[in-house]
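Welcome to a short set of exercises. Keep the viewer open and try each task before reading its solution.

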Amino acid sequence: MTRTWWSSASRSLLEGITLTAPVGLAMVDTELRLTWVNDAMEHLCGIPRERFLGRRLGDVLPGLDVEHTEAEIRQVLETGRPSTGREYFGHVLSEPDQVAYSTSCFRLESEDGQPLGACYIVLSTTDHYRARQKLTLLNEARKRMGSTLDIPHTAQELADAAVPGLADHVTVDLLDSVLRGEEPPPGPADATTAAALRCAGHRSTREDVPPPTPPGEPCGYPPLSPTARALINGTSTLIPELDATDPHWTVDDPARSAHLRELGTHSLMIVPIRARGTTLGAATIGRWRPKGPFQPDDLVLAEELVGHAAVCIDNARRYTHEHAAALTLQRSLLPQDLPEQNAVDAAYRYLPADAEAGVGGDWFDVIPLSGARVALVVGDVVGHGVHAAATMGRLRAAVQTLADIDLAPDEVLAHLDDVVSRIAEEADDESGVTGATCLYAVYDPVSCHCTLARAGHPAPVLVTPPGIAQLMDLPSGPPLGLGGLPFESTQREVPEGSILVLYTDGLIQSHCLDADQGLQQLLDALATTLTPLEDLCDAAVTNLSANRPGDDAALLLARTHALGEEHVASWDITKDPAAVAPARAMAARQLAAWGLEDLAFTTELVVSELVTNAIRYASDPIRLRMIRDRMLICEVSDGSSTSPHLRHARTTDEGGRGLFLIAQFAQRWGTRYARDGKTIWSEQPLRSTGLERDGLGGPGKSAGPEILEVSA
């Protein structure tokens, strides 16, 4: 059969289809050789028509699956059933980029029904394919971008989304103020701003060529560069054909121009990153050969990508600003340093939650109490954010106030429960603060006893001197804020040198660690002897340091000390006014034994007044105790719960000046209550007050002795 077999059989058909039809047409004979093509097929393949004749389709249509296509045509020739809708992708000589086309095939027959060949139809679907690709790219980018509230990570997500689907390399530069979470100035940037950018994200298909500015480093642009002009004008810039040797900007930026030349970049787009009327930075998008230059529709896609990324970056910036403010508030409300006291050696660690979780409401405290005792506190407010941090500050202040009036741990929690309930009533629904947990412990170095109570908080750990770490068995108690439920205090003997470990649940529980495993790891880390507290803290938080916790965590370690008999003296006092003078004498002798003779006058005055008040107004048993610690402590206990009140005596009153004088001479004084009575105490510095030199108690001055005589 000759190659002109179709001239008589199908001439009328071909005359009805012009040679310039937009659909590519090709005729093949029964041996699958090309016998005729139209202009559209010639243009699609980029091969002259003469070179088609006698060749197979697979030789001229790139991307064609020759084996399956020829099998498809043979099946059409054999069965007469047409084949439609097959899609192929590849490159043609007339197009620098990948093209897509759809093919169909039907059999040509003679008048008696014998196959003469096949008509192969090729329809270009490149525009539809590219539009679908761009829509897919945009949808995938929107899913990926904004996955976190971290500004550099979001910028990197923009670069990753555009490469390689849209570009070969992308650089995302942001203002320094944006990276810090600050509000940028409204409107387009100026030349100064363009010179103060910082690289926040970079992606390239050629990872072997490093960027001129690594992410995180400053990357200022000269005023004549395309990026600076785009920032200043506030509009996107499309450079289809880039001249990387243009002296207008390459002279001032040789490193970046050399980088573009090394990559072979021939087309460039610069899109300002803008949100809410403010410029946040710019995205520089490049392409190198053999890909064709950027087209206007590519710029539209780039603006869509950058616009969505700008909203995500601005959200991350606003969150960063709020998070920084919340962190500042939280740090200001937490202890800046631990107070000085001798009951325990203390060390602590506070680990804030990751940025996405927000600041939490964990807190800790070490509060010196009367009688050389110390209160150890750890608490956790439910929720995150500024509201949780502010609530934490209110609860910490409340605990310190309650500790100052020397309430028992269970009473402290009961009052704290009322405070949380009031805060919950005042708070709006958006605050998310619905409760808190707390552990309150009081350690007495004289008796080596620790009294503890907890409100829904994890039980503390006791590490004994041999290095055995175990949980302390305490009644749990309800979380704070439920209202009306009781709390219970428990007293435990704590050997000298033991370590009390108080912590929040964020220390033992995280996304990848359940509470039981975390608690066991904590016990293993603490089970050691003679280890410095700072090293123990580091060991306890090692597991959390590798992965930032989803919740903040607080850890407080306290190694206990004991005040031996040489630091404490106590006497039983009979309920007789005549016992006042012997009490003063015993106190003076004890001061002499401690080498504190300079404090004799003020101490005798304090002892005289306290003992006199107990004898006159209280009940048995009456006991005087003196403790030499960082301060000289004088305590008088009795069996009455009646509390004395400080008042200003009138000039005609014969009494009522005792507590007023104690308040003047002592650095601190107060009253604490027990189940069987109360204790009035005072503290004096371990140095002379200079009263004798001031004429208030020296020889021949009768102010002090007269008051003592009246009181006794």
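Which residue in S5 is the bridge partner of Ala-26?

Before solving, note that this is a predicted model, where local features need pLDDT of at least 70, side-chain atom pairs count only at pLDDT 80 or more, and totals for chains, interfaces and linings use all residues. Residues are numbered from 1 along each chain as its sequence is written, and side-chain values use heavy atoms, leaving out hydrogens and water.

**Exercise 1: find the partner.**
Step 1: Locate strand S1, residues 24-29; strands are DSSP runs (E, at least two residues), numbered from the N terminus.
Step 2: Follow the six bridges from S1 to the antiparallel strand S5, residues 115-124; two strands pair if DSSP finds at least two bridges between them.
Step 3: Opposite Ala-26 you reach Tyr-120.

**Exercise 2: look at the other neighbour of S1.** Which residue in S2 is the bridge partner of Met-27?
Step 1: S2 covers residues 34-37 and runs antiparallel to S1, with three bridges.
Step 2: The partner of Met-27 is Trp-36.
Step 3: In the hairpin, four residues lie between the strands, and Leu-32 has a positive phi near 65 degrees.

**Exercise 3: judge the cover.** Are the residues of S1 buried or exposed?
Step 1: Buried means under 20% relative accessible area, exposed over 50%, partly exposed in between (1.4 Å probe, protein chains only).
Step 2: Six of the six residues in S1 are buried.
Step 3: Gly-24, Ala-26 and Val-28 lie on one side, with Leu-25, Met-27 and Asp-29 on the other.
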